[in-house]
Amino acid sequence: MIIPFNKVYNTGKEEEYLLEAYRSGRHCGNHTFCQKVISLMKKKHGFNEVFLVPSGTAALEMGAVLAGIQPGDEVILPSYTFSSTVNAVILFGAIPVFCEIEKETMNIDASKIEALITPKTKMILPIDYAGVSCDIDTIMEIAGSHNLIVMQDCAQSYGSYYKGKACGTQAHLAAFSFHETKNFSAGEGGALVVNKKEWIQRAHFTQEKGTDRSLVLKGVKSKYSWVDKGSSYLLSDILASVLYAQLSEEDKMKAIRSRITNAYFDLFSDYQKAGKLSIFKIPDEVEINHHAFWVIFDSIENAELFMAGLREKNIYAYIGYMPLHSAPKGLEYGYKKEDLPLTEDLGNKIVRLPFYTELGENGLEYCVEEMRKQLKRIYE
Ligand SMILES: *Cc1c(COP(=O)(O)O)cnc(C)c1O
């Protein structure tokens with residue numbers, strides 16, 4: 001049996017919708033399936049305004065445009081994230097200011113943000129690692145008192161909740177990803193949620209190459225023209241059709257994925273109690289979408305032993321992000337490894353376990369048994 005790290009789930013409706021979208025002859029953005037996805041997202045999770053875009057990366061970039069990120073602006077973000085998070089703002093000349101993370105969630109440590117704020121700070125850009133919401137209320141409070149914008153990188157947290165509210169409903173801007181490695185896949189795809197009402201009209205212009213085409217589609221105008229800066233931030237209706245099939249089965253997929261979280265918690269909790277390793281903690285106010293599971297080993301050697309042992313059994317677990325501040329591009333901004341010791345240390349010892357919907361239906365017991373054997377071999 002082969003247990004890959006990730007695999008796309010097939011709900012059974014994808015092919016039918018895909019053909020329907022193709023045969024409709026309307027393949028560009030904001031057509032029938034895009035509208036269906038947008039209504040579904042708003043109804044299910046209460047998002048204010050949703051823009052479907054080609055990727056999570058594009059969602060972050062479009063957010064940076066709306067926020068008016070300028071050369072010299074400082075943006076506070078965790079170093080423990082994907083390159084897209086930081087690229088979205090440095091593309092417009094911003095300077096990244098990396099903040100430490102907290103051990104329990106690997107998310108930005110909100111208690112360390114305020115010390116990093118300067119007169120140049122424009123935005124706070126937290127992420128929800130492994131689908132666990134960052135401490136968004138505290139972050140919004142800090143932002144409010146310093147007049148800063150918050151864009152939440154929700155690439156991994158579609159369907160997660162914080163204090164009963166869906167991730168992506170609290171920050172000014174929230175970026176989702178529907179890449180094939182995420183819970184719900186369009187192949188490539190994403191969404192930008194705009195919660196600041198004053199930005200919604202502009203967001204339509206930005207998404208449509210800086211034109212007011214949205215007003216023509218609404219029947220308000222007969223011709224569209226160039227009214228603002230923008231780009232092509234549109235998801236094809238063909239891909240939206242696949243996404244619609246996936247999002248329509250959210251509850252079912254979430255239930256299947258929860259089995260994986262539970263099985264992994266059962267296995268690793270004893271070792272955590274014995275002080276051998278640590279696993280993530282779900283804060284009381286957070287409900288997770290069962291995106292991923294990670295373990296921090298007591299040493300790099302043991303993390304590698306664990307992964308190598310599994311690999312021999314065709315089970316694929318991987319390391320996490322290489323911290324951005326100590327990556328080649330991060331060093332160009334004057335950072336040194338030692339600047340964020342906790343990020344550096346945890347980033348070295350983290351292992352992410354195989355996690356995909358189908359695993360909850362097939363292969364989970366085998367996978368957990370093999371992991372149990374590896375842990376015994378390493379620690380007993
Ligand atoms: C996946 C991911 C992205 C990028 O999303 P794409 O859809 O692949 O562009 C950005 N940030 C984080 C935290 C991610 O996990």
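What follows is a walk through one helix, the empty spaces and two unusual backbone angles of this structure. The model is a predicted one, with local features taken at pLDDT of at least 70, side-chain atom pairs at pLDDT 80 or more, and totals for chains, interfaces and linings over all residues. Residues are numbered from 1 along each chain as its sequence is written, and side-chain values use heavy atoms, with hydrogens and water left out.

Helix H2 is a good place to start. Helices (H or I, at least four residues) and strands (E, at least two) are DSSP runs numbered from the N terminus. H2 covers residues 32-45, 14 in number, and reaches 20 Å from its first C-alpha to its last, close to the 20 Å expected at 1.5 Å a residue; the expected span is 1.5 Å times one less than the number of residues. Its buried residues are Phe-33, Cys-34, Val-37, Ile-38, Leu-40, Met-41 and His-45, where buried means under 20% relative accessible area, exposed over 50%, and partly exposed in between, with a 1.4 Å probe and protein chains only. Seen down the axis of H2, these residues fall within an arc of 165 degrees, so they line one face of the helix; the arc is that of the directions from the helix axis to the C-beta atoms. After H2 comes Gly-46, with a positive phi near 75 degrees.

Now for the open space. On a 1 Å grid over the protein atoms alone, a pocket is an open set of points with protein on both sides within 12 Å along at least five of seven lines, a cavity is a set where a 1.4 Å probe fits but cannot get out, and lining residues have an atom within 4 Å of a point. Grid points are joined across faces, edges and corners, and a volume is the space filled by probe spheres set on the points. The largest pocket holds about 600 Å³. Its lining has 32 residues, with Phe-82, Gln-156, Thr-181, Lys-182 and Tyr-321 nearest the centre. Helix H3 (56-66) and helix H4 (83-90) are the elements that give two or more residues to this lining, and H3 gives the most, with 3. At least three lining residues come from each of domain 1 (14-247) and domain 2 (250-379), with bounds from an automatic or database domain assignment.

The second largest pocket, at about 260 Å³, brings H2 back. Among its 14 lining residues, Asn-30, Gln-35, Ile-38, His-204 and Ser-214 are the closest to its centre. H2, strand E1 (49-53), helix H6 (200-207) and helix H7 (213-217) each supply at least two residues of the lining, and E1 has the largest share, 4 residues.

As for closed spaces, there are 2 cavities of 30 Å³ or more. The largest has a volume of about 70 Å³, and of its 14 lining residues Lys-7, Tyr-9, Lys-182, Asn-183 and Arg-257 are the closest to its centre. The second largest cavity comes in at about 40 Å³, with Lys-182 and Asn-183 included in its lining.

Finally, two residues other than glycine have positive phi. Met-106, at about 65 degrees, sits in the loop between strand E3 (95-99) and strand E4 (121-124) and counts as buried at 0% relative accessibility. Asn-314, near 60 degrees, is in the loop between helix H10 (300-312) and strand E13 (318-319); at 31% relative accessibility, Asn-314 counts as partly exposed.
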